[in-house]
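Okay, everyone, thanks for coming. Let me put the model up, and then we'll walk around one helix and its neighbours.

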Amino acid sequence: MMSAAPKHDVFQAIADPTRRQLLRLLADQELPITVISSHFPMSRTAVSKHLRILSEAELIRGRKVGREKLYRLHPEPLMELKQWLSFYEQFWDNKLAMLKYYVENKD
C-alpha cells in the first residue's frame, strides 16, 4: 500500500512568515508549545495550527515527554526546496555576471 502524500507540502508550509520563524526557533532546540507560544504575539491555538501544518509537511516532529509534547526541526524535507532553488541559481549567477560586466565596462 502506498503511503499518503503529506497534506501540506514544503512550499506551502514555508510560505508563511510565522512558520519560517517557527522553523528557525526549532532549529537549535526541542521545545514545548508553551515556550514556543511565548515567542509569538498570537494565541496558543494559532501557534498550534502552524505547528500542525509544519508537522504535516514533515518539517517538524513532535514527541511526547510526560504530559508535554516537544517539537523539533526535521530538516530533510528542506532538501527538496534546496534542489528546486539550485536550478534557478544559474539565472541569478548569469544576471550578476552581466551586471558586473556592465559596471566594469560602462565607459
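So, are H2 and H4 roughly parallel or roughly perpendicular to each other? Before I answer, the housekeeping: this is a predicted model, so local features need pLDDT of at least 70 and side-chain atom pairs pLDDT 80 or more, while totals for chains, interfaces and linings use all residues. Residues are numbered from 1 along each chain as its sequence is written, and side-chain values use heavy atoms, with hydrogens and water left out.

Back to the helices, which are DSSP runs of H or I with at least four residues, while strands are E runs of at least two, all numbered from the N terminus. H2 and H4 pack at about 75°, axes 10 Å apart, with axes fitted to C-alpha atoms over the stretch in contact and angles running from 0 to 180 degrees between N-to-C directions. They're therefore roughly perpendicular, a label for 65 to 115 degrees.

Who's buried in H2, meaning under 20% relative accessible area with a 1.4 Å probe, protein chains only? Thr 18, Arg 19, Leu 22, Leu 23, Leu 25 and Leu 26. Their arc, taken from the axis to the C-beta atoms, is only 160°, which puts them on the same side of H2.

Next, the sheet: it's open, three strands, order S1-S3-S2, antiparallel pairing, where a pair needs at least two DSSP bridges. S1 and S2 are the edges with a single partner strand each, so one side of each has no neighbour in the sheet. H2 packs on that sheet, touching S1, S2 and S3, where contact means heavy atoms within 4.5 Å.

Definitions and conventions: Buried means under 20% relative accessible area, exposed over 50%, partly exposed in between (1.4 Å probe, protein chains only). Angles under 35 degrees count as roughly parallel, over 145 as roughly antiparallel, 65 to 115 as roughly perpendicular and the rest as oblique.
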